Amino acid sequence: MKNITLFVLSVVLLSCGTRKNVTKDEQSDSTEKPKETMIIATLGEFSKTSDPITISSVQVDGNFMTIEVTYSGGCGDHSFQMIGSSMIAKLLPPIRAIQLVHNANKDECKKMMIQTIKVDLSALAYKKESGSEIYLTLEGWKEKVKYTFE
């Protein structure tokens, strides 16, 4: 009788202690960071068909703007386009409105994605002369961004 009780107790203890070791690749992270995307800004009409994004940070370095965005997805490729208005407010320095257009390509997944987008701003310069300044107002970002053409 002692042997049976000891055997049953051993089986119960061993079965409770069994668990699968999950590697980092198998874990379901709630956020994913795709590699950096490089795009070239263009002048044109603003699009009204941008899929939702949240702009987390904006930084200008030379002729490039680095934007960190978050959006939901994770099952397909997303694309981005930077459009600058052809209209400029004639102030000193001038001001141009810009829009980052996000195309989710019908990706209905809900994973939170964080992506860095690097934009060549050269086409948005007031004058293509070294030192030419313009303020850019990015839709979805509260502050004006100063861009000096190099």
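Start with how this chain is wired: among contacts between residues at least 6 apart in sequence, 70% join residues at least 24 apart. Keep in mind that what you're looking at is a predicted model.

Now for the parts that make up the chain. There is 1 helix, along with 10 strands. Walk along from the N terminus and the order reads α-β-β-β-β-β-β-β-β-β-β. Of the 150 residues in the chain, 30% are buried. As for the outside, the accessible surface is about 10,300 Å², and carbon and sulfur atoms account for 54% of that.

Let's zoom in on one residue, Gln115. You'll find Gln115 in strand β8, which covers residues 111–120. Is Gln115 buried or exposed? Its relative accessible area is just 4%, and buried means under 20%, so Gln115 counts as buried.

Who are its neighbors? Leaving aside residues up to four places away in sequence, Gln115 touches Pro34, Lys35, Thr37, Ile67, Glu68, Val69, Tyr71 and Phe80. With Thr37 there is also a side-chain to side-chain polar contact of 2.3 Å.

Gln115 turns up again when you look at pockets. The largest pocket has a volume of about 160 Å³. Gln115 is part of its lining, together with Glu32, Pro34, Lys35, Glu36, Thr37, Tyr71, Gly76, Asp77, His78 and Met113. Sort the lining residues by type and you get 3 nonpolar, 4 polar and 4 charged. Check that list against the contacts and some names come back: Pro34, Lys35, Thr37 and Tyr71 touch Gln115 and also line the largest pocket.

Conventions: Residues are numbered from 1 along each chain as its sequence is written. This is a predicted model: local features need pLDDT of at least 70, side-chain atom pairs count only at pLDDT 80 or more; totals for chains, interfaces and linings use all residues. Side-chain values use heavy atoms; hydrogens and water are left out. Helices (H or I, at least four residues) and strands (E, at least two) are DSSP runs, numbered from the N terminus. Buried means under 20% relative accessible area, exposed over 50%, partly exposed in between (1.4 Å probe, protein chains only). A polar contact is a pair of N or O atoms within 3.5 Å; within protein, one must be able to donate a hydrogen and the other to accept it, and residues adjacent in sequence count only if both atoms are side-chain atoms. Contact means heavy atoms within 4.5 Å. Accessible areas come from the Shrake-Rupley method with a 1.4 Å probe; for residues, only the protein chains shown count as cover. On a 1 Å grid over the protein atoms alone, a cavity is a set of points where a 1.4 Å probe fits but cannot get out, and a pocket is an open set with protein on both sides within 12 Å along at least five of seven lines; lining residues have an atom within 4 Å of a point. Grid points are joined across faces, edges and corners, and a volume is the space filled by probe spheres set on the points. Ala, Val, Leu, Ile, Met, Phe, Trp, Tyr, Cys and Pro count as nonpolar, Asp, Glu, Lys and Arg as charged, and the others, Gly among them, as polar.
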